[in-house]
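Subject: Structure for you to look at

Hello,

Here is the structure I promised to pass on. Please open it first, then read my notes beside it.

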Amino acid sequence: VRGDEELLASALAGLVMATVSLVGEKGGPTTLTASVKDGRAIIAVAQVSLSVPESWVERTFEAAWPVANSATGTLALMQSSRRIAELHAGTVSATSIESGTSFHLTLPLVAREM
C-alpha cells in the first residue's frame, strides 16, 4: 500500500485502541490479521470478549453521538481511522461477529499519492 505511512499507522493504531477500549476491564485477546484480495489489502482488528448490539455497529462511524458519553474517545479514534482510509481511497467498517467485534481497514494496493 502506498500512502502516508504515519497516517496509515495512526488509522491502524486507532482501530486497535478502539478495540481495546471496547473490551475495557474485561480484558481478553485482540487479534490483528492482514490479507490481500482483489487488489486490496485488508487489515482486520478483532476482539472476541464482548458482543455489541447490531444497532451500535450500524452507528459506529456517525459523527453525531452524544458528547457526554464514555464512548466519545473511542468514536474519535474510529472516525479518524475512517477519514484516513478515505484519504487513501480505502474504507473502514465494523462488523458484529459471533462473540465480539471486528474492524476492517481496506486499502487499495496502490493508493493515490498524498
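Helices and strands here are runs assigned by DSSP, and they are numbered from the N terminus. With that in hand, the pattern along the sequence reads α-β-β-α-α-β-β. That makes three helices and four strands in the protein. Keep in mind that this is a predicted model.

**Confidence**

How far can you trust it? The average pLDDT of the protein is 82. A score of at least 70 is reached by 84% of the residues. Strand 2 has the highest confidence, with a mean of 93. Helix 2 has the lowest, with a mean of 76. As a general caution, predicted coordinates should not be read in detail where pLDDT is low.

**The sheet**

Start with the strands. In what order do the four strands lie in the sheet? The order is 1-2-4-3, the sheet is open, and the pairing is antiparallel. Strand 1 (30–37) and strand 3 are at the edges. Each of these two has a single partner strand, so one side of each has no neighbour in the sheet. On average, neighbouring strands are turned by 20° against each other, direction ignored.

Now look at the pairs. Strand 1 and strand 2 run antiparallel and are joined by eight bridges. Strand 2 covers residues 40–47, and eight bridges also join it to strand 4, again antiparallel. Along that second pairing, Val45 stands opposite Phe103 of strand 4.

**The turn at Asp38**

Strands 1 and 2 make a hairpin with two residues between them. Asp38 sits in this loop between strand 1 and strand 2. Its phi is positive, about 50°. Is Asp38 buried or exposed? Asp38 has a relative accessible area of 70%, so it counts as exposed, since the cut-off for exposed is over 50%.

Follow the residues beside the turn. Lys37 has Arg40 in strand 2 as its bridge partner. Arg40 in turn stands opposite Pro108 in strand 4. Asp38 and Pro108 are 70 residues apart in sequence. In space, their C-alpha atoms are 8.9 Å apart.

**The core**

Next, the inside. Buried residues make up 35% of the 114 residues. How many residues does the largest nonpolar core have? It has 19. Those with the most contacts inside it are Leu15, Trp56, Phe61, Met78, Val92, Phe103 and Leu105. Two or more core residues come from each of helix 1 (5–23), helix 2 (54–58), helix 3 (72–87), strand 3 (91–97) and strand 4 (100–108). Helix 1 gives the largest share, five residues. In general, nonpolar side chains of soluble globular proteins tend to be buried together.

Phe61 is a good residue to click on. Which residues does Phe61 touch, leaving aside neighbours within four places in sequence? The contacts are Met78, Gln79, Arg82, Val92, Ser93, Ala94 and Phe103. Of these, Met78, Val92 and Phe103 are also on the list of core residues with the most contacts.

One figure covers the whole chain. Take the contacts with a separation of 6 or more. Residues 24 or more positions apart account for 62% of them.

**Charged pairs on helix 3**

Last, the charges. Side chains of opposite charge can pair when their charged atoms come close. How many salt bridges does a search of the whole structure find? It finds two.

- Arg82 and Glu86 form a salt bridge, at 3.9 Å from N to O. Both lie in helix 3, four residues apart, about one turn of the helix.
- Arg83 and Glu86 form a salt bridge, with the closest N and O atoms 3.5 Å apart. These two also lie in helix 3, three residues apart, about one turn of the helix.

The two bridges share a partner, and Arg82, Arg83 and Glu86 are joined into one network. How open are these side chains? Arg82 is partly exposed at 29% relative accessibility. Glu86 is partly exposed too, at 34%. Arg83 is partly exposed at 47%. These three values earn that label because partly exposed lies between the buried limit of 20% and the exposed limit of 50%.

Best wishes

Definitions and conventions. Residues are numbered from 1 along each chain as its sequence is written. This is a predicted model: local features need pLDDT of at least 70, side-chain atom pairs count only at pLDDT 80 or more; totals for chains, interfaces and linings use all residues. Side-chain values use heavy atoms; hydrogens and water are left out. A nonpolar core is a set of buried Ala, Val, Leu, Ile, Met, Phe, Trp, Tyr and Cys residues joined through side-chain atoms within 4.5 Å. Buried means under 20% relative accessible area, exposed over 50%, partly exposed in between (1.4 Å probe, protein chains only). Contact means heavy atoms within 4.5 Å. Two strands pair if DSSP finds at least two bridges between them. Axes are lines fitted to C-alpha atoms, for helices over the stretch in contact, and angles run from 0 to 180 degrees between N-to-C directions. pLDDT is the predictor's confidence in each residue, from 0 to 100. A salt bridge is a side-chain nitrogen of Lys or Arg within 4 Å of a carboxyl oxygen of Asp or Glu.
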